[in-house]
Amino acid sequence: MNHATRKHDRYSSSSSRMGGSGRGDRFGGQTLSRSGAPGRSGGGHGRRPAGLQGEFALPVSVTPALPEAATFAELGMPPALNKTLTSQGVHEPFPIQAATLPNSLAGRDVLGRGRTGSGKTLAFGLALLARTFGQRAESRRPLALILVPTRELAQQVTDALTPYARSLRLRMAAVVGGMSIGRQAGALREGAEVVVATPGRLRDLIERGDCRLDQVGITVLDEADQMADMGFMPQITYLLDQVRPSGQRMLFSATLDRNVDLLVRRYLTDPVVHSVDPSAGAVTTMEHHVLHIQGADKLATTVEIAARDGRVIMFLDTKHAVDRLTQNLLDSGVRAAALHGGKSQPQRTRTLAQFKTGHVTVLVATNVAARGIHVDNLDLVVNVDPPSDPKDYLHRGGRTARAGESGSVVTLVLPNQRRAMARLMADAGIVPQTSQVCSGEAELQRITGAQAPSGIPVTISAPVASRRPGRSTRRYR
Ligand SMILES: Nc1ncnc2c1ncn2[C@@H]1O[C@H](COP(=O)(O)OP(=O)(O)OP(=O)(O)O)[C@@H](O)[C@H]1O
Ligand SMILES: [Mg+2]
């Protein structure tokens, strides 16, 4: 089918294609399994069926879903998109893409729950771009909208989709807090077909008269449950109430819980539901370790892990704790940088860029880095402070073992935290490998690559050219 004929036929050809592939995969609650793709079940350890707390009953589609696509080519997307996929090294659809793209390209609403690192960005991004192709936005009136919970994720999604948007001559604009609102207003005034936004800043721009959503025909909520958890619900409903009522909506996350119930009921129409096992243990390339340590040894243990060869993200609960550990690491000779909501946006952007390029090897962060962020070649995540709920564990850990790569999640647990951690792991559906360790021990080194730090204090020199959001194609690189 030509992509152009698909643009507005929301439920086209679903019945004629149902049963076409005969591959037996189903939507709505069953794991898809295709060889070579990430997150396959079987093998690995730490896996057992489980539900996260607060799971909600997924809606049942009235209109049957189209069968999955075996290749990108058969999806009938604009040829330029297929060419860009190849040039980006993306050859085969991952399961969530194979399952949702036939439906999203046909205009169906989609509710997609796929494991961390399973390719959700392209799953919604390709459909959104293909269906926007050929249209031109008027000044201040975008045609497609992607809402995400954090500024870093907005930048990353913009970066990830920019080559594809460019190949279709679609203009993208990132709209996030903490950066010049005038510049973002300027990008919208020039005209942007696709806007990637954090909810608060987009609302500000609308209230200033710099943006209208009445032409938005496709809306995506990435990490929808997180936006609800962060208290963005009033902004989200404010925004969703302004997009075209008949438009397409897609809602994606690795975790969906009761908090998204209202969004699903109010804003999705007969959605195609694609859901794979939500438990963190389902990412079979991920190892889970709980390390029992003593309080007096926590800092020494953490510093030795941070001094490993190779990068690591370390999660802590508070901004203050993040800053304190970062300083300790720098004083010990470890190239670390802090990321949390108390930093200015240019600092946050620079820190993440320095981590991605390897200029710093340890990213010390609060949960602001837990959702959606992708860093290549990251094989270790450490919970220096144990997460407070299974969802946080899943998303923090999900920064490693992405797209079929392997990685470990290590959680440091003090004696008085053991019971709560055991309960959290059970709720998350994970049976971790548990060890008692001390700094300097071979076992700690075996699990994490820990080694003694140089002890020679380091300072991290300033940037890599600073990056500003706005029109993505030039300013993000
Ligand atoms: N079909 C594919 N083939 C190869 N690589 C892919 C494919 N689809 C996505 N990827 C890569 O997989 C990585 C993870 O993708 P993505 O960030 O979209 O995951 P996600 O499902 O959104 O994870 P999270 O739940 O953590 O947000 C990215 O580097 C992306 O480029
Ligand atoms: Mg994502």
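1. Let's start with strands β8 and β13 in this predicted model. Strand β8 (residues 286–292) runs parallel to β13, and seven bridges join the two. If you want a landmark for the register, look at V290, which stands opposite T411 in β13.

2. On its other pairing, β13 meets strand β12 (residues 380–383), again in the parallel sense, over four bridges. Here V382 has V410 of β13 as its bridge partner. Strand β12 also pairs with strand β9 (residues 312–315), in the parallel sense and over three bridges. M314 stands opposite V382 in β12, so V382 is a handy residue for following the register across these strands: its bridge partner in β13 is V410.

3. How many residues of strand β13 are buried? Seven of the seven in the stretch 407–413 are, so the strand is largely enclosed by the rest of the structure. In a regular strand, side chains alternate between the two faces of the sheet. In β13, G407, V409, T411 and V413 point one way, while S408, V410 and L412 point the other way, and all are buried.

4. Now the whole sheet to which these strands belong. It is an open sheet of seven strands with parallel pairing, in the order β10-β11-β9-β12-β13-β8-β14. Its edge strands, each pairing on one side only, are β10 (336–339) and β14 (433–436). With direction ignored, neighbouring strands are turned by 20° against each other on average. Helix α14 (residues 345–357) packs on this sheet, where it touches β10 and β11 (362–365). The direction of α14 makes about 140° with that of β10.

5. There is another open sheet to look at. Its seven strands follow the order β3-β4-β2-β5-β6-β1-β7, and the pairing is parallel. The edges are β3 (172–175) and β7 (272–275), each of which pairs on one side only. From one strand to the next, the twist averages 10°. Helix α6 (residues 151–167) packs on this sheet and touches β2 (144–147), β3, β4 (194–197) and β5. The direction of α6 makes about 180° with that of β3.

6. Within that sheet, strand β5 (residues 218–222) and strand β6 (residues 248–253) run parallel and are joined by five bridges. For a residue to centre your view on, try V220, whose bridge partner in β6 is M250.

7. Where does ligand 1 lie with respect to the two domains? Domain 1 (3–278) and domain 2 (281–448) both give residues to its shell, so the ligand lies between them. Of the 19 residues around ligand 1, those that come nearest are G119, K120, T121, G372 and A403. Helix α5 (residues 120–132) supplies the largest share of the shell, three residues. Sorted by class, the shell has ten polar, six nonpolar and three charged residues.

8. Finally, a few overall figures for your notes. The protein has 18 helices and 14 strands. Of its 477 residues, 53% count as buried. Among contacts with a separation of 6 or more, 81% are between residues 24 or more positions apart.

Definitions and conventions
Residues are numbered from 1 along each chain as its sequence is written. Chains are lettered from A and ligands numbered from 1 in the order in which they are written. This is a predicted model: local features need pLDDT of at least 70, side-chain atom pairs count only at pLDDT 80 or more; totals for chains, interfaces and linings use all residues. A residue is near a molecule or strand if its C-beta atom, placed from the backbone, lies within 6 Å of it. Ala, Val, Leu, Ile, Met, Phe, Trp, Tyr, Cys and Pro count as nonpolar, Asp, Glu, Lys and Arg as charged, and the others, Gly among them, as polar. Domain bounds come from an automatic or database domain assignment. Two strands pair if DSSP finds at least two bridges between them. Axes are lines fitted to C-alpha atoms, for helices over the stretch in contact, and angles run from 0 to 180 degrees between N-to-C directions. Two residues are in contact if their C-beta atoms, placed from the backbone, lie within 7 Å. A residue is buried if 20 or more other C-beta atoms lie within 10 Å of its own, exposed if 12 or fewer, and partly exposed in between; C-beta atoms are placed from the backbone.
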